[in-house]
Structure formats: structure tokens, C-alpha cells
Amino acid sequence: MSSSKMDLFQEKIQEVFLPIADKLNSQRHLAALKNGMTCTIPLTIIGGFFMLLAQPPVNPATLQPTNFFFKFLLDWKAWSTTYAQILSVPYNLTIGLLAVYITFSIAYQLGKHYKLNGISCGVSALFLFLMTSAEPFTSADNGLIMSMKNLGGEGMFYGIIVAFISVEVFKWMSDHNIKLKMPAQVPPNVAAPFEALFPLVFLTALFFIGNIVCINITGNNLCRLIFTLLYPLMRASSSLPSVMLCSILLSLFWFMGIHGNNIVGSVLTPITTANIALNASAVMNGSGPTTPLAGSFMTIFGNWMSYPAMMVCFFLVARSAQLKSLRKIALVPDIFNINEPLTFGIPVVMNILIALPLLLCNLVMCSIAYLIMDAGLIGSIYITVPWTTPGVINLFLSTMDFRAVIMWVIMFAADILILLPFVKAYDKQMLTQENASSI
């Protein structure tokens, strides 16, 4: 395809897809969902760290203190067993309450978008969520006990629904001026809680009655019912075909000049966040993780692997001035999973010679990793690690499985082999252009 035709093709693609991408990025509910999820990342990292302290990847039945390292691991296991209750408190208050934080954060973000009082929206949504998700209280010697069963990953999607519904009711009543009006002399921060009274009373009645009806008909509260209904969909969306589709879409959007992670991530993040909470809960309860598609799975085996592999190819075969300069500029960011210098420096956009092998690498490696983890040969992700942690280290810390490192190294080498001939061909093309321009 000639340069002019390629430029025309690129313009048509961007003309069609960029407006769609902009609308998805600016859609208020998706924006609130993305921003609300982002607020919980520090909590999941802290919870994952303490879960690792409380549940070291050590089996005393098979490990013997034959050297210093094995002795350290066994001592760590003994220490964690002794202080398990204390060490599990931060986990229970972060990942164990993930739905609580997400409900408040999303309601707050959506309320702020509507120019409502964000705190009032967040607190109201949180109250409604707790009222209809908490299991019946049980008595204890030192008071009442509330089960946290529905307050973690299992209640997350219900929390999202509650946040959206409650804020929309707040907005509707605000638009129709249905609120308890305070005198003009009352400061806004004092008037806001009173103005939230009418919508909260209506929502409380609606959710309370709905919850009672739900319990009488199904035997479950609203939160449990929503989880039961959505669980098959979550499992289907966490299947191999879904992983393959997401991998293809991520690569295609980048090829079109659209930030693939933002577009696909707005739909995928709630699923991977809920799955990592479910995996963490399963590990804490002594069973294995339930699904491979959790946390940063798509990027660890996608761009966080294929882009560093491409960087290695640049060092192996690049002779053109462009790629030699690019490998100097992009090396350090690429190590820490910041791929934009490579993406736009090559560029990947509308560059079929580079985009095609990247898509192939991401698709193949994500699919293979899914199959291996799903078979239980390697542990799945159950710990949240800061996204700037280099891919192989990120994978080990999020799975605590040395076998995952071996798998990553093999896949990384395979990515290099796939990419090498394409990079070599592209470098030759760049070199030809540079020689022609210097004449």
C-alpha cells in the first residue's frame, strides 16, 4: 500500500473510531467507574502485601531447612502462623472490604460529575449498600458481629449498581428541586446533608422494601442475588475466548492510534478487580485462586512482555538511526512498563509491520498463560502489585510462584523470536529511507 493510500486509510480509521473512543472515555458512568476503581489501588496493594506476610508460599511438609534460604522461609511460615490473626487485619480491612470503598468512590465521582455534593452521594450509596448486603447480625459476648462475606469482591458489582442508582436519583430530585431547602444564610457545607435527606429517605425505603421482598422470595438479600445472577457472566467473561478477544482489541486499538488500555480497561477492570479479590479470598481460605484473568494478567503477558522483547530486538539488529536513538530513549521507561515512548516513537500506529507481530505475541502468550494457570500448573494472580514493577517481578510478586518466572522467561524468549524478523525488516526499511534522504 502506497504512503498516500496508507495516510488516507489512517484518516478514515481515526475518523470512525476516535469519536467512539472519545465518547467512551467521557461517558459519565464509565468515567466514574474508572476513577472510582483507581482510588482503591493503594488499598489493594497494602492488602496484598499483608496477605503475603500472612500466607507465605511455603509448604513445611515438603520443605526442609537444608540451607539459609529454606530456613528463612520456614521461619517466616512459623512467624506468620503465630501472628496470623494480626497480620490478616489489614487484608480484611482493604481487599475484604473492597466493595465498600468502590461503592463510595464511584458514587462520589459520579456525584461530582453532576455537580452534586460528592460526599453526600458517596455516604448515601455506602449506607444503602451496607443495609442491603450485610448478612444478619449474630450475637457475641462482646456485642454484635456482622459477616463480611458480601463486602469484598463478591459484593463489588452490586456496589457499582447501588452507586449508579443512588446518584441518578439524587440528580433527578436535584433537577426537579425536590429537596429540603435551607435558608440562604446557612453555609453550603451545612446545608448539603439536609438537602440530601429527601432522596436518601426515598432510596432507603426503596432498597429496604426491595431487600425484604428479595429475601422472602429467594432467601438471599439483594447483594447476594445480584452476585448469584452475575457469577455465570463473570465466569464467561473470564474465559479463554474473552481473554483472546480482549487481547486482539487492545492491540487493534493501539494500531488505530487509540489508547487501547483506556477503552478495553473501562470494561475489563471491574472484572479483573473482582477476580483478584475472589482469588485473594480463596488463598486466605486455604484453597487455590479461582481464575487466571485477574489483576494485571492482560498486560503482564501482553505489552509488558512484548514491548521489552521488542526492545531486545532493537539492541540485537537495529542499524537505523531512528531505532538506535529510540532504544536509548525508551529503554528505562520500558523496563518499568511505560510503553508510550516505544508506541509513539516507532510508531506502532498504522504500522502493520510492527503492529501485526505485537498482536500475535500478545494473543499467543495471553492464551498460553491462561491455559497453564487454568490447569493449575502455575498459580494465578491474587496480589496487587504497583503497575510500574517490571513484568517478570510483577508476575512473581502477584502469584508468589517461582514456576511463573520460568514460564515468563520462556515466553519472553518466544516473543523475541517472533518479533525479530519483523523488527529486522522494519529496520531495513528505516535504513533505506535514511540513506535516501541523505543523498
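The following paragraphs lead through the cores, helices and salt bridges of this predicted model.

The interior is a suitable starting point. The largest nonpolar core comprises 56 residues, and I106, F129 and I160 have the most contacts inside it. Helix α8, spanning residues 156-175, gives the most to this core, contributing eleven residues. Beyond its neighbours within four places in sequence, I160 is in contact with L33, M37, I102, I106 and P270. Another core, of 53 residues, lies apart from the largest one and includes F301, I354, A355 and Y370.

Two buried residues in helices illustrate contacts between parts of the chain. Y91 belongs to helix α5, residues 84-94, and counts as buried because its relative accessibility is 6%. Its C-alpha atom is separated by 6.0 Å from that of F50, although the two residues are 41 apart along the chain. Neighbours within four places in sequence aside, Y91 is in contact with G47, F50, M51, G96, A277, A280, S281 and M284. N211, found in helix α10 (residues 197-218), is likewise buried, with a relative accessible area of 9%. With the same exclusion of neighbours within four places, N211 is in contact with M131, T132, N221 and L222.

L222 also opens the account of helix α11, which covers residues 222-237. This helix has 16 residues and reaches 22 Å from its first C-alpha to its last, close to the 22 Å expected at 1.5 Å a residue. A bend of about 40° occurs at L230, and the proline P232 follows within four residues. The buried residues of α11 include L222, C223, R224, F227, M234 and S237.

R224 leads to the salt bridges, of which the structure holds four. E154 and R224 form one of them, their closest N and O atoms being 2.3 Å apart. Because E154 lies in the loop between β2 (143-145) and α8, whereas R224 lies in helix α11, the pair ties together parts that are 70 residues apart in sequence. E154 counts as partly exposed at 24% relative accessibility, while R224 counts as buried at 15%.

A salt bridge within a single helix joins the side chains of D75 and K71, at 3.1 Å from N to O. These residues are four apart in helix α4 (residues 68-82), so about one helical turn separates them. D75 is partly exposed, with a relative accessible area of 42%, and K71 is partly exposed at 45%. R403 and D401 form a further salt bridge, with 2.7 Å between the closest N and O atoms. Here R403 is partly exposed at 44% relative accessibility, whereas D401 is buried at 9%.

Definitions and conventions. Residues numbered from 1 in each chain as written. Predicted model: local features only at pLDDT ≥ 70, side-chain atom pairs only at ≥ 80, totals over all residues. Heavy atoms only, no water. Expected span 1.5 Å × (residues − 1). Bend = angle between axes of the 7 residues up to and from the residue. Buried < 20%, exposed > 50% of the residue type's maximum accessible area, 1.4 Å probe, protein only. Contact = heavy atoms within 4.5 Å. Core = buried A, V, L, I, M, F, W, Y, C linked by side-chain atoms within 4.5 Å.
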